[in-house]
Amino acid sequence: MEKTERQSLGSAPIGRLLRTFAIPSIISMVVSTLYNIVDQIFIGRGVGYLGNGATNVILPITVIALALGLMIGDGATAYFSLCLGQKELKNAAQGVGNALTLTIIVSVALTVGSFVWLQPLCVLFGATETILPYALEYGSVIVLGFPFYMFSMGFNSVVRADGSPVYAMMATLSGAILNTILDPIFIFAFHMGVTGAAIATVLGQIVSSILTVVYLRRFRSIRLTRKCLIPQGKLCLKLCSLGVSSFFLQLAATIVIAVMNNVLVKYGADSRYGSEIPMTTLGITMKINQIITGIVIGIAVGSQPIIGYNYGAGKMARARKTYFLAVGCSTAVMALGTAIFQLFPETIISIFGSESELYREFAVKSLKIFLLLIALNGFQLCTGVFFQAIGKPVQATLVSLSRQVLFLLPALVILPRFLGVEGALWAGPVGDACAFVLALTLGFLELRKLDPRPAHP
């Protein structure tokens, strides 16, 4: 980023800046969610719902990889933006270099551990005897792509913060397009089943990773040298602390998915739906929701470098205005998503294949009940990113974790005791409502500290 481009973060109109950063971020986030969605569609039609059940079992392991990648990458992004706002370019370069080294070390360790303990992990995350063979077949390939997945996802936000949101978008988009092309070829033409879907996903991740590596040699705002790659303990801890809310948010998702799968298997076995139908359909519901949530996260992530730069430069009114604009856009998107899910659940479910009448019945219930109050999530997600952008990891972590850990998880354990398997569905709106109240309280208290004067045009 040239000097004048860095200064534009502190002077250009907020609306134009947010569009510039958010639109590529939205495309990147939505496209990244399509890896799992595309697999679900083609596996559902080519293998059946047991194959989709297998991807739901492997999803928590994938989310752990994403959690670690985002902890390092988002932490580096927050540190990078704050340093740019304070004109400390050397420190910004050091942060990016240390993040790169740390990502390589952590991703290789996770790949080895996941491959060695894949079967017990599958059992832990809810695999039944029927689904386990599919999960092992799919997972044994997916875990080999973790280094590429973690690097491409973690450093995508760094590339955006460097002033290249379109390049970041194209890096993610290229991998997703390749995955979409290869999925039907491997599944239907080569009859490779879930293994083919996994290979297509990993090849897409490799392409995205290669494009991100290429960018490391063409940073616009810093010069990345070999010296920057030498890890410094305090700096690595600083990066992780700034990105810890992203880590815990994704880790919480892993815990929630694991508990949810086991709850659905347990209470589903006592219902007329059986064990596999509830686990598979609610898993599909959560992945469908990831598309609309990806748009909101894209808006929030797009606001992060603007908020971080202006906060670091002492321009509190601009940081405040950016936050409010991001919240407004996110809430509107989530409200539209709620309307679509409530009005057209059967149409959406049919995309993933046709199964029994019981399957369709529970799938519709999952969409309409679990996603009932997601319109409130836009505020919570933007508030978590806001705290992260201004370098307040404690508040960021609390807001980010509130829905998953503080509210949704207890509801998943308690409500099925009284409502049976459908209690797991009602846990969704309970978590959404409670998390909104907490984010509203903490966000209001923090905004009172910022300069209340109108932002400069």
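Start by selecting Leu-59, which sits in helix α3 (helices, H or I of at least four residues, and strands, E of at least two, are DSSP runs numbered from the N terminus). Leu-59 counts as buried because its relative accessibility is 9%; buried means under 20% relative accessible area, exposed over 50%, and partly exposed in between, with a 1.4 Å probe and protein chains only. Now add Ile-142 to the selection: Leu-59 and Ile-142 are 83 residues apart in sequence, yet 9.9 Å apart in space, C-alpha to C-alpha.

A quick word on what you have open. This is a predicted model, where local features need pLDDT of at least 70, side-chain atom pairs count only at pLDDT 80 or more, and totals for chains, interfaces and linings use all residues. Residues are numbered from 1 along each chain as its sequence is written, and side-chain values use heavy atoms, with hydrogens and water left out.

Stay on helix α3 and go to Val-63, which lies there too. Is Val-63 buried or exposed? Its 7% relative accessibility makes it buried. Contact here means heavy atoms within 4.5 Å, and once neighbours within four places in sequence are set aside, Val-63 is in contact with Gln-250, Ala-253 and Thr-254. Select Leu-251 as well: it is 188 residues from Val-63 in sequence and 7.0 Å away, C-alpha to C-alpha.

Next, pick Val-57. Leaving aside neighbours within four places in sequence, Val-57 is in contact with Cys-122, Phe-125, Gly-126, Ala-127, Ile-131, Ala-135, Asn-261 and Met-279. Val-57 also leads you into the largest nonpolar core, where it is among the residues with the most contacts, along with Ile-58, Cys-122, Tyr-138, Phe-155 and Phe-341. That core has 134 residues; a nonpolar core is a set of buried Ala, Val, Leu, Ile, Met, Phe, Trp, Tyr and Cys residues joined through side-chain atoms within 4.5 Å. Which helix gives the largest share of this core? Color helix α3 (residues 49-85), which supplies 17 residues.

One more stop involving a long step in sequence: Ala-161, in helix α7 (residues 146-161). Ala-161 is buried, at a relative accessible area of 2%. Show Ala-76 too: 85 residues separate Ala-161 and Ala-76 along the chain, while their C-alpha atoms are 9.9 Å apart.

Zoom out for a moment. You should see 18 helices and zero strands. The radius of gyration is 21 Å, close to the 23 Å that the globule rule gives for 457 residues, so the protein is as compact as a globular protein of that length; the radius is taken over C-alpha atoms, and the rule is 2.2 Å times the number of residues to the power 0.38. Along its principal axes, the C-alpha trace spans about 60 × 45 × 35 Å. Of the 457 residues, 60% count as buried. Among contacts between residues at least 6 apart in sequence, 84% join residues at least 24 apart.

Now jump to helix α17 (residues 393-419) and select Gln-404. This glutamine counts as buried because its relative accessibility is 12%. What does Gln-404 touch, not counting residues up to four places away in sequence? Show Leu-249, Ala-252, Ala-253, Val-256 and Leu-409. Ala-253 should ring a bell, since Val-63 is in contact with it as well.

Move on to Ala-439 in helix α18 (residues 423-447). With 0% relative accessibility, Ala-439 counts as buried. Setting aside neighbours within four places in sequence, Ala-439 is in contact with Phe-379, Gln-380, Thr-383 and Val-399. Cys-382 is 57 residues away along the chain, and its C-alpha atom is 9.3 Å from that of Ala-439.

Time for a couple of loops. His-191 is in the loop between α8 (165-189) and α9 (193-215). Its phi is near 55°, a positive value in a residue other than glycine. His-191 is exposed, with a relative accessible area of 67%. Then try Lys-87, in the loop between α3 and α4 (89-116), where phi is positive too, near 65°.

Finish at the largest pocket, which holds about 320 Å³ of space. Of its 13 lining residues, select those closest to the centre: Leu-216, Arg-217, Leu-224, Thr-225 and Arg-226. By class, the lining has eight nonpolar, one polar and four charged residues. Here Ala, Val, Leu, Ile, Met, Phe, Trp, Tyr, Cys and Pro count as nonpolar, Asp, Glu, Lys and Arg as charged, and the others, Gly among them, as polar. On a 1 Å grid over the protein atoms alone, a pocket is an open set of points where a 1.4 Å probe fits, with protein on both sides within 12 Å along at least five of seven lines, and lining residues have an atom within 4 Å of a point. Points are joined across faces, edges and corners, and the volume is the space filled by probe spheres set on them.
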